[in-house]
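Subject: Structure for your bench work, with notes

Dear colleague,

I am passing on the structure we spoke about, and below it you will find what turned up when I went through it. Please read the notes with the structure open beside you.

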Amino acid sequence: MSEPRVAIYPGSFDPITNGHLDLIRRASRQFEDLIVAVLKHDTKRAEFPLGERLDMIREAVAGLSNVRVGSFDGLLVDYARAQGASLILRGIRAVSDYEYELQMALMNRKLAPEIETVFMLPGEAYSYLSSRLVKEVCRHGGRIDDLVPPMVANRLCAERVAGSDNV
Ligand code: ADP
């Protein structure tokens with residue numbers, strides 16, 4: 001029997017969106033074991049602390065039995081090796097994602113030739129969706145309830161109310 005294929009889906013997930021979730025659902029049908037891995041220390045300033053990002057992902061993937069959630073620091077390939085993963089999953093929304101993703105995939109291949117990066121495309125409805133844009137729309141009072149899971153919308157709205165100027 002062949003070895004189960006363990007894939008890692010790394011990212012900031014600040015916060016998880018329906019685009020990430022679409023990719024997770026697609027990947028969970030292709031790989032025996034999928035680990036959604038949140039980068040602990042990103043150069044970008046995070047909106048949500050790591051613990052909250054992990055909670056939101058856990059809730060969103062609760063119905064997918066072969067999906068686990070974790071976090072990592074340092075080199076992704078070291079984490080992938082420690083988890084026994086042979087695949088790194090990344091999403092490509094548009095050509096604009098390609099250059100950055102290509103660089104990272106080739107660097108990871110140089111560091112760990114035995115690990116392959118695989119790219120998947122989200123459903124077209126999600127191809128314009130990013131965590132950054134969702135936060136921006138919410139900040140200005142736009143509707144985001146069909147762009148993110150319900151608990152993410154609630155938390156983002158709560159932050160907006162807490163952060164609003166009520167004079
Ligand atoms: P990072 O900071 O590592 O890019 P993100 O959370 O922004 O973290 O994205 C993680 C991965 O998910 C990336 O490969 C990104 O291209 C992909 N991704 C983000 N949003 C979407 C989406 N709407 N559809 C498909 N893939 C996406």
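The sulfur of Cys 138 lies 4.5 Å from the closest cysteine sulfur, which belongs to Cys 157, and that is too far for a bond. A disulfide is called here when two cysteine sulfur atoms are within 2.5 Å, and by this rule the count comes to zero disulfides. Please keep in mind that this is a predicted model. The surroundings of the two cysteines are worth noting as well: Cys 138 is buried, with a relative accessible area of 3%, whereas Cys 157 counts as partly exposed at 34% relative accessibility.

Next comes the ligand, which has 17 residues around it, and among these Tyr 9, Ser 12, Lys 44, Gly 91 and Leu 129 come nearest. Which atoms of the protein lie 3.0 Å, 3.1 Å and 3.3 Å from an oxygen atom of the ligand? At 3.0 Å there is a backbone N or O atom of Phe 13, at 3.1 Å an N or O atom in the side chain of His 20, and at 3.3 Å an N or O atom in the side chain of Glu 101.

Phe 13 sits in the loop between β1 and α1, where it is buried with a relative accessible area of 2%. Its phi is near 45 degrees, a positive value in a residue other than glycine, so you may wish to look at its backbone on screen. Pro 15 lies in that loop between β1 (6-11) and α1 too, and a cis peptide bond, with omega about 0 degrees, joins Asp 14 and Pro 15.

His 20 belongs to helix α1, which covers residues 18-28, and this histidine is buried, with a relative accessible area of 17%. Besides its contact with the ligand, a polar atom of the His 20 side chain lies 3.0 Å from the backbone nitrogen of Thr 17. If residues up to four places away in sequence are not counted, His 20 touches Tyr 9, Phe 13, Pro 15 and Ser 131.

Glu 101, the third of the residues just described, brings us to helix α4, which runs over residues 95-111. With 17 residues, α4 reaches 25 Å from its first C-alpha to its last, close to the 24 Å expected at 1.5 Å a residue, although the helix bends by about 25 degrees at Glu 101. The buried residues of α4 are Asp 97, Glu 101, Ala 105 and Asn 108, and they pack against α3 (76-82), β4 (87-91) and β5 (116-120).

One last residue is Val 69, found in strand β3, residues 67-72. Is Val 69 buried or exposed? At 17% relative accessibility Val 69 counts as buried, and, leaving aside residues up to four places away in sequence, it touches Val 36, Leu 54, Ile 57, Arg 58 and Val 61. The C-alpha atoms of Val 69 and Asp 22, which are 47 residues apart along the chain, are separated by 16 Å.

With kind regards

Definitions and conventions. Residues are numbered from 1 along each chain as its sequence is written. This is a predicted model: local features need pLDDT of at least 70, side-chain atom pairs count only at pLDDT 80 or more; totals for chains, interfaces and linings use all residues. Side-chain values use heavy atoms; hydrogens and water are left out. Buried means under 20% relative accessible area, exposed over 50%, partly exposed in between (1.4 Å probe, protein chains only). Helices (H or I, at least four residues) and strands (E, at least two) are DSSP runs, numbered from the N terminus. The expected span of a helix is 1.5 Å times one less than its number of residues. The bend at a residue is the angle between axes fitted to the seven residues ending there and the seven starting there. Contact means heavy atoms within 4.5 Å. A residue is near a molecule or strand if one of its heavy atoms lies within 4 Å of it. A polar contact is a pair of N or O atoms within 3.5 Å; within protein, one must be able to donate a hydrogen and the other to accept it, and residues adjacent in sequence count only if both atoms are side-chain atoms.
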